[in-house]
Amino acid sequence: MPASQLTSILVTLAVVVAAAKLGGYLFRFLGQPTVVGEVLSGIALGPTVFGSVAPGVSGQLFSPAVTPFLALIAQLGLVLYMLLVGSEIRVVPLSRANRLLVGVSAGSLLVRSAWACW
């Protein structure tokens, strides 16, 4: 990977993280969850808003050479986030409801099988 491509990836990643932090702080100041501000910042950086307002800057920042790497980083971040969420699930309340869970899942399988055969 050329140094210029690595620099472009790091600059784009820094802009995305900075926008998410700024959106999070703004929404926390407004009394809203920070994640809402972070998500809306990501949407604002997309082609609909940022691409319409500054298409040249958006095209340079999110160039075709950079987007596959950003997609890979985003997928890795999502996997790590889901692992973190999964590690925080309390299993004890779920074990109490095992009969209900097994009944619901078996029932849904029966309905699905009957629907597929019909």
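Of the 20 residues of H7, how many are buried? In the predicted model, the number is 0, so helix H7 lies largely in the open. A residue is counted as buried when its relative accessible area is under 20%, and no residue of H7 meets that cut-off. The helix itself runs over residues 98-117. At 1.5 Å a residue, a span of 28 Å is expected for its 20 residues, and the end C-alpha atoms are 28 Å apart, so the two values agree.

Helix H1 comprises residues 3-29 and includes Gln5. The side chain of Gln5 comes to 3.1 Å from the backbone oxygen of Ala65. When neighbours within four places in sequence are set aside, the contacts of Gln5 are Ala65 and Phe69. Ala65 therefore appears in both descriptions of Gln5, given that contact means heavy atoms within 4.5 Å and that the residue is listed among the contacts as well as in the side-chain approach to a backbone oxygen.

H1 also takes part in the largest pocket, which holds about 190 Å³ of space. The pocket is lined by Leu13, Val16, Val17, Ala20, Leu70, Ile73 and Ala74. The elements that give two or more residues to this lining are H1 and helix H5, the latter covering residues 67-87. The largest contribution is that of H1, with 4 residues. By class, the lining consists of 7 nonpolar residues, with no polar and no charged residues.

Two further residues of H5 were examined for accessibility and for their separation from other parts of the chain. Pro68 belongs to this helix. Its relative accessibility is 48%, so Pro68 counts as partly exposed. Between Pro68 and Leu26 there is a separation of 42 residues in sequence, and their C-alpha atoms are 29 Å apart in space.

Leu84 is likewise placed in helix H5. With a relative accessible area of 46%, Leu84 is partly exposed; this class lies between the limits of 20% and 50%. Leu84 and Thr34 are separated by 50 residues in sequence, and the distance between them in space, C-alpha to C-alpha, is 18 Å.

Terms used: Residues are numbered from 1 along each chain as its sequence is written. This is a predicted model: local features need pLDDT of at least 70, side-chain atom pairs count only at pLDDT 80 or more; totals for chains, interfaces and linings use all residues. Side-chain values use heavy atoms; hydrogens and water are left out. A polar contact is a pair of N or O atoms within 3.5 Å; within protein, one must be able to donate a hydrogen and the other to accept it, and residues adjacent in sequence count only if both atoms are side-chain atoms. On a 1 Å grid over the protein atoms alone, a cavity is a set of points where a 1.4 Å probe fits but cannot get out, and a pocket is an open set with protein on both sides within 12 Å along at least five of seven lines; lining residues have an atom within 4 Å of a point. Grid points are joined across faces, edges and corners, and a volume is the space filled by probe spheres set on the points. Ala, Val, Leu, Ile, Met, Phe, Trp, Tyr, Cys and Pro count as nonpolar, Asp, Glu, Lys and Arg as charged, and the others, Gly among them, as polar. The expected span of a helix is 1.5 Å times one less than its number of residues. Buried means under 20% relative accessible area, exposed over 50%, partly exposed in between (1.4 Å probe, protein chains only).
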